[in-house]
Amino acid sequence: MGLLCAAFLLGYGFSRVTRPVNSGPRVTGIGGIFFKAKDPAALKAWYSKNLGIRMSAYGSTFEWRQGMDSTKKAFTSWAPFRETSKYFEPSEKQFMINYRVEGLDALLSQMKAGGILPVDSVQRTSGGNFVHLMDPEGNKIELWEPAGVENAPPGMVTTK
């Protein structure tokens, strides 16, 4: 009986961790981590030499498999920006996180209904759709709905 109970609880706990909270528009993962650096080229060289991260002019892309469907590839970008970059504005913070999302347009509609407005318009590209928001603490965040891409974003090298 104890083994059956443990198996049930383990299965229940695992399904609660892997099952999405809702099946509607939502964040599905981290799409990228961007941060300001005094010397992005030197910092990329340091990470490449000391941690083995493969670099391109933009940074690196980490390839992984989606947990709910391990047949699908996914990517997380890592990129230092020059400390004078205006890309993070209107935020004054040093970091920006890119969130992968499903249903970007529906998610934006929900957020607008709640009084949360994007700081720019949706950019529609071959790699997916992007838009930026500010969180309550002044952090600029980027929402990215991938375009079903099975390869790393253009211009990036992959670190596996």
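Biologist: Which residues make up the largest nonpolar core?

Modeller: In this predicted model, a nonpolar core is a set of buried nonpolar residues joined through side-chain atoms within 4.5 Å. The elements that give two or more residues to the largest core are α3 (104-113), β6 (128-134) and β7 (140-146). Its eight residues are V101, L104, L107, L108, V131, L133, I141 and L143.

Biologist: Which element gives the largest share of this core?

Modeller: Among the core residues is L108, which touches V122, V131 and L133 when residues up to four places away in sequence are not counted. The largest share of the core amounts to three residues, and the element that supplies them is α3.

Biologist: How many residues of β7 are buried?

Modeller: Strand β7 has pairing partners that include β4, in the parallel sense over four bridges, and β6, in the antiparallel sense over seven bridges. Within these pairings Y99 stands opposite L143, while L133 has I141 as its bridge partner. The strand is mostly covered, and of its seven residues the number buried is six.

Biologist: Which residue in the turn of the hairpin formed by β6 and β7 has a positive phi?

Modeller: The two strands pair in the antiparallel sense, and the hairpin they form has five residues between them. In that turn a positive phi of about 85 degrees belongs to G138.

Biologist: Why does I30 count as partly exposed rather than buried?

Modeller: I30 lies in strand β1 and belongs to a nonpolar surface patch with I33, F95 and I97, which together have about 330 Å² of accessible area. Buried means under 20% relative accessible area and exposed means over 50%, with partly exposed in between. I30 therefore counts as partly exposed, because its relative accessible area is 35%.

Biologist: Which residue forms a salt bridge with E102?

Modeller: Side chains of opposite charge can pair when their charged atoms come close. For E102 the closest N and O atoms of the pair are 3.5 Å apart, and the link joins distant parts of the chain, from strand β4 to strand β1, 76 residues apart. E102 is partly exposed at 38% relative accessibility, and its partner in the salt bridge is R26.

Biologist: Is R124, which meets D105 in a salt bridge, buried or exposed?

Modeller: The side chains of D105 and R124 meet at 3.0 Å, N to O, linking helix α3 to strand β5 across 19 residues. D105 counts as partly exposed at 41% relative accessibility. Since exposed means over 50%, R124, at 52% relative accessibility, counts as exposed.

Key:
Residues are numbered from 1 along each chain as its sequence is written. This is a predicted model: local features need pLDDT of at least 70, side-chain atom pairs count only at pLDDT 80 or more; totals for chains, interfaces and linings use all residues. Side-chain values use heavy atoms; hydrogens and water are left out. Buried means under 20% relative accessible area, exposed over 50%, partly exposed in between (1.4 Å probe, protein chains only). Contact means heavy atoms within 4.5 Å. Patches are made of residues with over 30% relative accessible area and no salt bridge: like charges are joined within 9 Å, nonpolar side chains (Val, Leu, Ile, Met, Phe, Trp, Tyr) within 5 Å. Accessible areas come from the Shrake-Rupley method with a 1.4 Å probe; for residues, only the protein chains shown count as cover. A salt bridge is a side-chain nitrogen of Lys or Arg within 4 Å of a carboxyl oxygen of Asp or Glu. Two strands pair if DSSP finds at least two bridges between them.
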